[in-house]
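Dear colleague,

I am handing over the structure we spoke about, with the sequence alongside, and my notes on what turned up in it follow underneath. Please read them with the model open in front of you.

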Amino acid sequence: MPHKTLIKVRGYHLDIYQHVNNARYLEFLEEARWSYLEDHGDIVWFAEQKLAWVIVNININYREAAIVGHSLEIQTHFSKVGSKSAVIHQAIYIAGTNKLVADADITFVCLDQKTGKAAVIEGMLKQRLEQYIST
């Protein structure tokens, strides 16, 4: 089941065309990933392991304009865990509807802060990430 984060669209999120600026969606997605990490207790666990999530690719589709006053529901879940990277899928809906505003696949690596290189995803790290996979 995806994790859900709500964000209210404010005036400062808008561009000259009076809808949410495309770059703001990346911020909304990041806020939802932080909320996901907090709610699953992962911030502390990753810090203790000296691992940091580093985004290496984002593919985003903009599908519907969001405007001031909309409440957006961001659904977040893991879709793939590989040997060196993992993919999180996120979808932004106008809350209370099936209206898809944007969706994205975010690929990240777990950076070993001691070596500065991507960690191999195995053992406890792999188990921790794979438990959240859903379709």
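A salt bridge links R63 and D103, with the closest N and O atoms 2.5 Å apart. Since R63 lies in the loop between β2 and β3 while D103 belongs to strand β5, this pair ties together parts that are 40 residues apart in sequence. The two partners can be told apart by their accessibility: R63 counts as partly exposed because its relative accessibility is 48%, whereas D103, at 11%, counts as buried, the cut-off for that class being under 20%. Please keep in mind throughout that this is a predicted model.

D103 also has a place in the pairing of the strands, as the bridge partner of A91 within β5. Strand β4 and strand β5 (residues 100-112) pair in the antiparallel sense over eight bridges, and the two form a hairpin with five residues between them, where G96 in the turn has a positive phi of about 80°. On the other side of the pairing list, strand β3 (residues 71-81) is joined to β4 by nine bridges, and these two strands likewise run antiparallel; T76 stands opposite Q90 of β4, and a hairpin of four residues connects β3 to β4. How enclosed is strand β4 by the rest of the structure? Strand β4 (residues 86-94) is largely enclosed, because seven of its nine residues are buried.

To return to the charged pairs, a search of the whole structure finds four salt bridges, including the one between R63 and D103 described above. As a general point, side chains of opposite charge can pair when their charged atoms come close. In another of these pairs, the side chains of E27 and R24 meet with an N to O distance of 3.0 Å; because they are three residues apart in helix α1, about one helical turn separates E27 from R24. E27 is partly exposed, with a relative accessibility of 43%, and R24 is also classed as partly exposed, with a value of 23%.

A salt bridge is found in helix α3 (residues 123-130) as well, where K126 and E130 have their closest N and O atoms 3.4 Å apart. Here the partners are four residues apart in the helix, so that about one helical turn lies between K126 and E130. K126 has a relative accessible area of 27% and is therefore partly exposed, and E130, with 36%, falls into the partly exposed class too.

Two surface patches complete these notes. A negative patch is formed by E30, E31, E38 and D39; of these residues, E30 is found in helix α1 (residues 22-39) and is partly exposed, its relative accessible area being 39%. A nonpolar patch of about 320 Å² is made by L26, I55, I58 and Y62. Which element contributes the largest share of the nonpolar patch? Strand β2 (residues 51-62) does, with three residues, and Y62 has its place in that strand. Y62 counts as partly exposed, because its relative accessibility is 41%.

With kind regards

How values were computed:
Residues are numbered from 1 along each chain as its sequence is written. This is a predicted model: local features need pLDDT of at least 70, side-chain atom pairs count only at pLDDT 80 or more; totals for chains, interfaces and linings use all residues. Side-chain values use heavy atoms; hydrogens and water are left out. Patches are made of residues with over 30% relative accessible area and no salt bridge: like charges are joined within 9 Å, nonpolar side chains (Val, Leu, Ile, Met, Phe, Trp, Tyr) within 5 Å. Accessible areas come from the Shrake-Rupley method with a 1.4 Å probe; for residues, only the protein chains shown count as cover. Buried means under 20% relative accessible area, exposed over 50%, partly exposed in between (1.4 Å probe, protein chains only). Lys and Arg count as positive and Asp and Glu as negative; His and the chain ends are not counted. The place of a charge is taken as NZ of Lys, CZ of Arg, CG of Asp or CD of Glu. Two strands pair if DSSP finds at least two bridges between them.
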